[in-house]
Structure formats: C-alpha cells, structure tokens
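Subject: Structure handover

Hello,

Here is the structure for you to look at. My notes follow below it.

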Amino acid sequence: MTSLQTPTPSPPPIDGIFRALSDPTRRRVVERLNRSPASVSELAQPFDMALPSFIEHLKILEGCGLVRSQKTGRVRTYQLAPEPLKLAENWLAEQRTLWERRLDQFDAYVMTLKETEK
C-alpha cells in the first residue's frame, strides 16, 4: 500500500450477520441450534446437499459469530452464540422505532390536511 492509498474500512459486523441470515439453509441451522447444540452430521441431516457444501454454510455462520464450534475427538459440535442475534435485534428495533415515528408524523400531517379541507 502506498502512502496515498487509504485502507478500505471493513464492513460493520451487522452486515455479516444479515448476509449470513439471508440464506434459508443458514436460517434453518440457526433455528435448529435454538433448541440445543448439535454435531455437523445432525445439522446436515435434513439438507439434501453434499457435506462440504453444508460445511461452507457453517463456516459462514461461524465467521460472523452467530455460532461457535468445539471439537471433541472426531466430533465437531456447534452451538448458537446469542450476542450477534441481539445486535441484529437491536438494529431492527431501532429501525422499527424510527419508521413508527415517521408514520405517526405522516398520519398527523394527513389529519391536519383533512381538517383544513373542511
């Protein structure tokens, strides 16, 4: 990198969380892990895909912090990491609050227009 180039900022962690959750397979894995930790084979069982392809989904979930894994002997077990889900939940709640406030303001504006028409 030359002195004229500035480093590209990395995307915020929430981007990776939403990117990971955008895939239905990964959402189903998260839903399954809500019940209890599970091995790779348990998680892969309901999906009609090659194990290496399924493991890529797990790597994406682990890469953004949504799941953690632990290897005991030959078995790798995954469990849900709730902190990133809380981050996404808080972001969504902020957006909902913002849009509810905007819609309330719009509703009040429409009501004043109706009153002035009378």
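Leaving aside neighbours within four places in sequence, which residues is Leu33 in contact with? This is a predicted model, and in it Leu33 contacts Ala38, Leu43, Val67, Tyr78, Gln79 and Leu80 once those neighbours are set aside.

Leu33 also appears in the largest nonpolar core, which has 20 residues. Val29, Leu33 and Leu43 are the members that touch the most others in this core. At least two core residues come from each of α1, α2 (24–35), α3 (40–44), α4 (51–63) and β3. As background, nonpolar side chains in soluble globular proteins tend to be buried together.

Next, the strands. β2 (residues 67–72) and β3 (residues 75–80) run antiparallel and are joined by six bridges. One pairing is that of Arg68 with Gln79 in β3. The two strands form a hairpin with two residues between them, and Gly73 in the turn has a positive phi of about 65 degrees.

Then the helix pair. The axes of α1 (residues 13–21) and α5 (residues 82–117) come within 10 Å and cross at roughly 95 degrees. Angles of 65 to 115 degrees count as roughly perpendicular, so α1 is roughly perpendicular to α5. On the α1 side the residues in contact are Pro13, Ile14, Ile17, Phe18 and Leu21; in α5 they meet Pro84, Leu85, Leu87, Ala88, Trp91 and Leu92. By class, this contact has eleven nonpolar residues, with no polar and no charged ones.

Regards

Key
Residues are numbered from 1 along each chain as its sequence is written. This is a predicted model: local features need pLDDT of at least 70, side-chain atom pairs count only at pLDDT 80 or more; totals for chains, interfaces and linings use all residues. Side-chain values use heavy atoms; hydrogens and water are left out. Axes are lines fitted to C-alpha atoms, for helices over the stretch in contact, and angles run from 0 to 180 degrees between N-to-C directions. Helices (H or I, at least four residues) and strands (E, at least two) are DSSP runs, numbered from the N terminus. Angles under 35 degrees count as roughly parallel, over 145 as roughly antiparallel, 65 to 115 as roughly perpendicular and the rest as oblique. Contact means heavy atoms within 4.5 Å. Ala, Val, Leu, Ile, Met, Phe, Trp, Tyr, Cys and Pro count as nonpolar, Asp, Glu, Lys and Arg as charged, and the others, Gly among them, as polar. Two strands pair if DSSP finds at least two bridges between them. A nonpolar core is a set of buried Ala, Val, Leu, Ile, Met, Phe, Trp, Tyr and Cys residues joined through side-chain atoms within 4.5 Å. Buried means under 20% relative accessible area, exposed over 50%, partly exposed in between (1.4 Å probe, protein chains only).
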